[in-house]
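Consider how the sheet, the helix packed on it and the nonpolar cores fit together in the structure below. Please explain it step by step.

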Amino acid sequence: MTVQDAGQNKRAVEALLQPGEDIRHTATAGEALLAVTDRRVAVVEQDRTALMVDIAGLRRIQFDIEKARPATLVIVPEQAEYESQVLMVEPAEYRSVADALVAIGHDLASGVDSPPSVSSRLAGSGQPKRV
């Protein structure tokens with residue numbers, strides 16, 4: 001990603017912010033910009049918002065590192081209306097991506113709960129069921 005592309009992506013994320021919302025981390029992942037705010041996660045590519053979802057709306061994040069190839073970052077939202085994101089991450093980008101993932105992980109571990117899945121609502125137990 002060029003410096004100009006990075007600037008455009010960051011401006012695109014800033015345009016999506018709600019009043020009082022702050023960007024905590026940004027990381028380049030191939031051609032995309034991963035941004036973590038105090039409320040949401042965004043993936044922006046070439047001025048296009050590929051994903052903007054509440055942190056509580058994340059189902060899974062997977063970061064696979066393999067020898068001799070770019071790593072793969074997969075972000076899967078809880079709701080199917082949001083498209084999963086698969087990003088290629090070069091070794092030089094690992095640290096900033098990892099810092100963003102740590103922030104997301106802390107938010108999820110500190111009690112940010114995802115909405116109950118369809119299967120847990122159908123089960124009728126009243127308690128969210130991890131799927």
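**Sheet, helix and cores**

Strand S6, residues 71-77, runs antiparallel to S7, and five bridges join the two. One point in this pairing is Thr72, whose bridge partner in S7 is Met88. The model is a predicted one.

S6 and S7 belong to an open sheet of three strands, ordered S5-S6-S7 and paired in antiparallel fashion. Its edges are strand S5 (58-64) and strand S7 (85-89), each of which pairs on one side only. From one strand to the next, the twist averages 15 degrees. Helix H2, residues 94-109, packs on this sheet and touches S5, S6 and S7. The direction of H2 makes about 150 degrees with that of S5.

The next topic is the nonpolar interior. In soluble globular proteins, nonpolar side chains tend to be buried together. Here the largest nonpolar core has 22 residues. Those with the most contacts inside this core are Leu34, Val43, Leu73, Ile75, Val97 and Ile104. Two or more residues each come from strand S1 (23-29), strand S2 (32-37), strand S3 (40-45), strand S4 (48-54), S6, S7 and H2. H2 gives the largest share, five residues.

Ile75 can serve as an example. Leaving aside neighbours within four places in sequence, Ile75 is in contact with Leu34 and Val43, both also listed with Ile75 among the residues with the most contacts inside the core. The other contacts of Ile75 beyond those neighbours are Leu51, Leu58, Arg60, Ile61, Ser84 and Gln85.

A second core, separate from this one, has seven residues, among them Val13, Ala42, Val44 and Met52.

How values were computed:
Residues are numbered from 1 along each chain as its sequence is written. This is a predicted model: local features need pLDDT of at least 70, side-chain atom pairs count only at pLDDT 80 or more; totals for chains, interfaces and linings use all residues. Side-chain values use heavy atoms; hydrogens and water are left out. Two strands pair if DSSP finds at least two bridges between them. Helices (H or I, at least four residues) and strands (E, at least two) are DSSP runs, numbered from the N terminus. Axes are lines fitted to C-alpha atoms, for helices over the stretch in contact, and angles run from 0 to 180 degrees between N-to-C directions. Contact means heavy atoms within 4.5 Å. A nonpolar core is a set of buried Ala, Val, Leu, Ile, Met, Phe, Trp, Tyr and Cys residues joined through side-chain atoms within 4.5 Å. Buried means under 20% relative accessible area, exposed over 50%, partly exposed in between (1.4 Å probe, protein chains only).
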